[in-house]
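Morning, everyone. I have one structure to walk through today. Have a look at it first, and then I'll take it piece by piece.

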Amino acid sequence: EKGGEIIPKIISVNLSKRPVNSVKTIFILNCPECGSELARKDDEAQHYCLNEHNCKPQLIGKISHFASRKAMNIDGMGEESAALYVEKGLVKNIADLYDLNKSKLMSLERWAEKSALNLLDGIEESKKVPFERVLYAIGIRYAGETVAKKLAKHLNNIDSIIGANKEELLEAEEIGAKIDEVPEMEDNKEEQSSLISSSIYSNK
């Protein structure tokens, strides 16, 4: 059976083929990187580290996604650069990208003035991207490109989305019920507000 158009879907387990001496697999309870508790919803296979603001791989992944071509499209910023900024303490959340300046960047090893200015130009240009791409860039779980476009069209700006209740979210075209279960929609208001106050985009 297929889950969607392509992905195979497991619908049952053939226990007759299981060795009699099998031992139940016990999944790890803590993040191997930061040691924080892992969580998993009953209807999902993935385990999530709950320390999303201070777990370095998560932060690096968020920054890389935020800067990617389909999101904010910041030239010269990939996963390697994101890792460097996090390791050196220059960036603790995606809003910090907009506080970078030439002095901070040139304090990094092997960074010349031209490289710093090119990155700063890319960051400045990112302020011009449409709101739906900003919403996608923030990395709300279950909100891919299509969902971000639908939410942006329905609620117009990030303040409305942060303040929306479940009914208001579900009124948007093709938005599923899972989007309201996402912690980012409720618990991350401080970071969302930082993005707004840093004026990282012009089309709110």
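Start with the order of elements: along the sequence, the pattern reads β-β-β-β-α-α-α-α-α-α-α-α-α. That is four strands and nine helices in the chain. Keep in mind that this is a predicted model.

Two overall numbers. The chain has 204 residues, and 35% of them are buried. Now take the contacts between residues at least 6 apart in sequence: 51% of these join residues at least 24 apart.

On to helix packing. Two packed helices are described by the angle between their axes and the distance between the axes. I have two such pairs to show.

The first pair is α1 and α2. Their axes are 9 Å apart, and the packing angle is about 130°. Oblique is the class that runs from 115 to 145 degrees here, as well as from 35 to 65. So α1 is oblique to α2. The crossing is right-handed. Which residues make the contact? From α1, they are K56, L59, I60, I63 and S64. From α2, they are E79, A82, A83, V86 and E87. By type, the α1–α2 contact has six nonpolar residues, one polar and three charged.

The second pair is α5 and α6. Helix α5 covers residues 131-138, and α6 covers 145-155. Their axes come within 8 Å and cross at roughly 130°. These two are therefore oblique to each other as well. This crossing, too, is right-handed. On the α5 side, the contact residues are F131, E132, L135 and Y136. On the α6 side, they are E145, A148, K149, L151 and A152. Here the split is six nonpolar, no polar and three charged.

Stay with α6 for a moment. What is buried in this helix? V147, A148, K150, L151, A152 and L155 are. Note that K150, a lysine, is on that list. And what covers these residues? The cover includes α5, and also α7, at 158-163, and α8, at 166-170. Just after α6 comes N156, with a positive phi near 75°.

That brings me to backbone angles. Most residues other than glycine have a negative phi, and most peptide bonds are trans. Besides N156, I want to point out two residues in loops.

One is N73. Its phi is near 55°, which is positive, and it is not a glycine. You'll find N73 in the loop between α1, residues 56-67, and α2, residues 79-87. Is N73 buried or exposed? Its relative accessible area is 36%, so N73 is partly exposed.

The other is R110, again not a glycine, with a positive phi of about 65°. R110 sits in the loop between α3, residues 102-106, and α4, residues 113-126. R110 has a relative accessible area of 77%, so this residue is exposed.

Next, the aromatics. How many aromatic pairs are there? The count is two. One of them is F66 with Y98, and the geometry is edge-to-face. The ring centres are 6.2 Å apart, with 90° between the planes. F66 belongs to helix α1, while Y98 is in the loop between α2 and α3, so the pair ties together parts 32 residues apart in sequence. Both partners are buried, by the under-20% cut-off: F66 has 0% relative accessibility, and Y98 has 13%.

Last stop, K104. This lysine is in helix α3. K104 has 32% relative accessibility, so it counts as partly exposed. What does K104 touch? Leave aside its neighbours within four places in sequence, and the contacts are L90 and D99. As for Y85, its C-alpha is 9.8 Å from that of K104, and the two are 19 residues apart in sequence.

To recap, briefly. The α1–α2 crossing is right-handed, and so is the α5–α6 crossing. F66 and Y98 form an edge-to-face pair. N73 and R110 are the loop residues with positive phi to look up. That's my tour. Questions, please.

Conventions:
Residues are numbered from 1 along each chain as its sequence is written. This is a predicted model: local features need pLDDT of at least 70, side-chain atom pairs count only at pLDDT 80 or more; totals for chains, interfaces and linings use all residues. Side-chain values use heavy atoms; hydrogens and water are left out. Axes are lines fitted to C-alpha atoms, for helices over the stretch in contact, and angles run from 0 to 180 degrees between N-to-C directions. A crossing is left-handed if the near helix is turned anticlockwise from the far one by less than a right angle, and right-handed if clockwise. Contact means heavy atoms within 4.5 Å. Ala, Val, Leu, Ile, Met, Phe, Trp, Tyr, Cys and Pro count as nonpolar, Asp, Glu, Lys and Arg as charged, and the others, Gly among them, as polar. Buried means under 20% relative accessible area, exposed over 50%, partly exposed in between (1.4 Å probe, protein chains only). Rings of Phe, Tyr and Trp (its six-membered ring) pair if their centres lie within 6.5 Å; planes under 30 degrees apart count as stacked, over 60 as edge-to-face and the rest as tilted.
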